[in-house]
Amino acid sequence: MNIKDRIVQKEIFSIKREIESADNNEILIIGHTERGKKVFATEVVAHGNKISVPALKQYMQKGDVVLHNHPSGNLSPSNADINIAAMLGSYGIGFYIINNEVDKLYIVSEPVEVKKVESVDSFKLLKLLKPGGIISSLFNHYEERESQAVMLETVIESFNKSKISVIEAGTGTGKSLAYLIPVFKWTEKNYERVVISTATINLQQQIVENDAILAAKICGVNPKISIVKGRSNYVCHKRYYERLEENALFNENDEELKIIGEWLETTKTGDRSDLSFYPKDDLWGNICSEAELCTGIRCPWHEKCFVLKARKRASASKVLVVNHHLLFSDLSMRRNGNLGSDEPAVLPPFMRIIFDEAHNIEKSASSYFSESFSFTTISKYLKRIVRVVRGKNIGLYYYVKKSYKPADKAFTKIPGIVKKILASAENLDIGILSLLGKSGSSLFNDLINDKSRAKVYELIKVLNEKLLKFSALGNFSVSNG
Ligand code: SF4
């Protein structure tokens, strides 16, 4: 590949200068392209740290490329490069590797060609809702609703101008239609995928089974629409047959498992909600699909796999209906750059989102974009290592000490450090609880002033130091005498 076909000469010089001024270390550059083709402008965004790329996503947009130099001159992408390229690719951003002399280029992934956005005509769509329009011919006593028309117009404007709108619509507005009609028209004109995120499965079903059909009749566009669910909703063939074998081994006869086996032969979806009964949680937990246990393409059942089929359906759909949890789990995977691994993001790439039942998103978003601390969990694990019961020392530490007699001095420090971690965790727990007030719950940002916040940060820091000290003890040599 001739680098001059992809980067204009003046930017090649400028990148070379930047690499030299970074002492020939690794740097990251954003390249702006002409409609996804040739880089005509560049800016350096990071020095010497590949991991920072996902965080830099905020500076890039669809059609840009990331240029990354390999000082060794070997332009083969590392696994980290491939993961980052996959993550950026889902946003339409390309990834190129160059050498320090900037005369060689390796294309890991191309940016998408940015097409001009085609606006949706609000005047034409508003006409559909007027008396005498298509909608009135579908209902006997149709009455135009002003709030629905205002909402539809606002949604169209948000799409056309790539704006965020927050709309509060009362009961009876007909809000699903007010967003579905613009969404359908948008996907037709712009070939972009849109996600509709709701809090409840009932609303998801109502959208797909009723409202989408009506919206398609009204606006004359019928894009493929699918509900996307988390993988634990689907039965996993591999786990089902493993469980069956286990039961046979122990001569167990589970009636529910038998019925699920018969259903497995006929179901087209493998979705728990298609079963005629609600299986016991512990049984379903043992036979449903789980990311950590899924062998993907290496699985002997992969051609029949319901999760893979559901993903294929989602990829072929222009409109995806999901719940808030699934959406935030997908966004958090993208943010953490997990793409390109064996467990890719849950959803295929999409460009726009409609949140319905949006009053619930704060809870879902917080659960994916926050760290959690539980004194009970920390204490549970530490007490497995060292604890005193009725004056007697028990726990893994004493077991290992007695059985293997570790020679390391560091080993003897364990009980002391465990005690200190427990004390710091307890202090943090008490510190946080004292800030929550009577309600017992609050958002960290809302509730406290700078002084209280600093206090919590200090307690976190102390606990962190103790945990680091513990992990720094490392492995111990043992004598088996
Ligand atoms: S591909 Fe994964 S989810 Fe599908 S049947 Fe195999 S192990 Fe189960």
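**View 1. Ser197 of strand 6 has Val322 of strand 8 as its bridge partner.** The model is predicted: local features need pLDDT of at least 70, side-chain atom pairs count only at pLDDT 80 or more, and totals for chains, interfaces and linings use all residues. Residues are numbered from 1 along each chain as its sequence is written. Strand 8 covers residues 319-323 and pairs with strand 6 in the parallel sense over five bridges. Strands (E, at least two residues) and helices (H or I, at least four) are DSSP runs numbered from the N terminus, and two strands count as paired if DSSP finds at least two bridges between them.

**View 2. Strand 6 also pairs with strand 9.** Strand 9 spans residues 352-355, and its pairing with strand 6 is parallel, over four bridges. In this pairing, Val195 stands opposite Ile353 of strand 9.

**View 3. Strand 6, residues 194-198, is mostly covered.** Five of its five residues are buried (20 or more other C-beta atoms within 10 Å of the residue's own, with C-beta atoms placed from the backbone; 12 or fewer is exposed, in between is partly exposed). Val194, Ile196 and Thr198 point one way from the strand, while Val195 and Ser197 point the other way. Both sets are buried.

**View 4. Strands 7, 8, 6 and 9 form an open sheet in that order.** The pairing is parallel. Strand 7 (225-227) and strand 9 are the edge strands, each pairing on one side only. From one strand to the next the twist averages 20°, with axes taken as lines fitted to C-alpha atoms (for helices over the stretch in contact) and angles running from 0 to 180 degrees between N-to-C directions. Strands of a sheet pair through backbone hydrogen bonds, either parallel or antiparallel.

**View 5. Residues 50-55 and 339-343 have pLDDT under 50.** pLDDT is the predictor's confidence in each residue, from 0 to 100. For residues 50-55 the model has 11 contacts beyond four places in sequence (two residues are in contact if their C-beta atoms, placed from the backbone, lie within 7 Å). The stretch 339-343 has 17 contacts in the model beyond near neighbours in sequence. Across the protein the average pLDDT is 85, and 90% of the residues score at least 70.

**Setting of the views. The protein has 18 helices and 11 strands.** Of its 481 residues, 25% are buried. Among contacts between residues at least 6 apart in sequence, 72% join residues at least 24 apart. Along the principal axes, the C-alpha atoms fill a box of roughly 90 × 70 × 55 Å.
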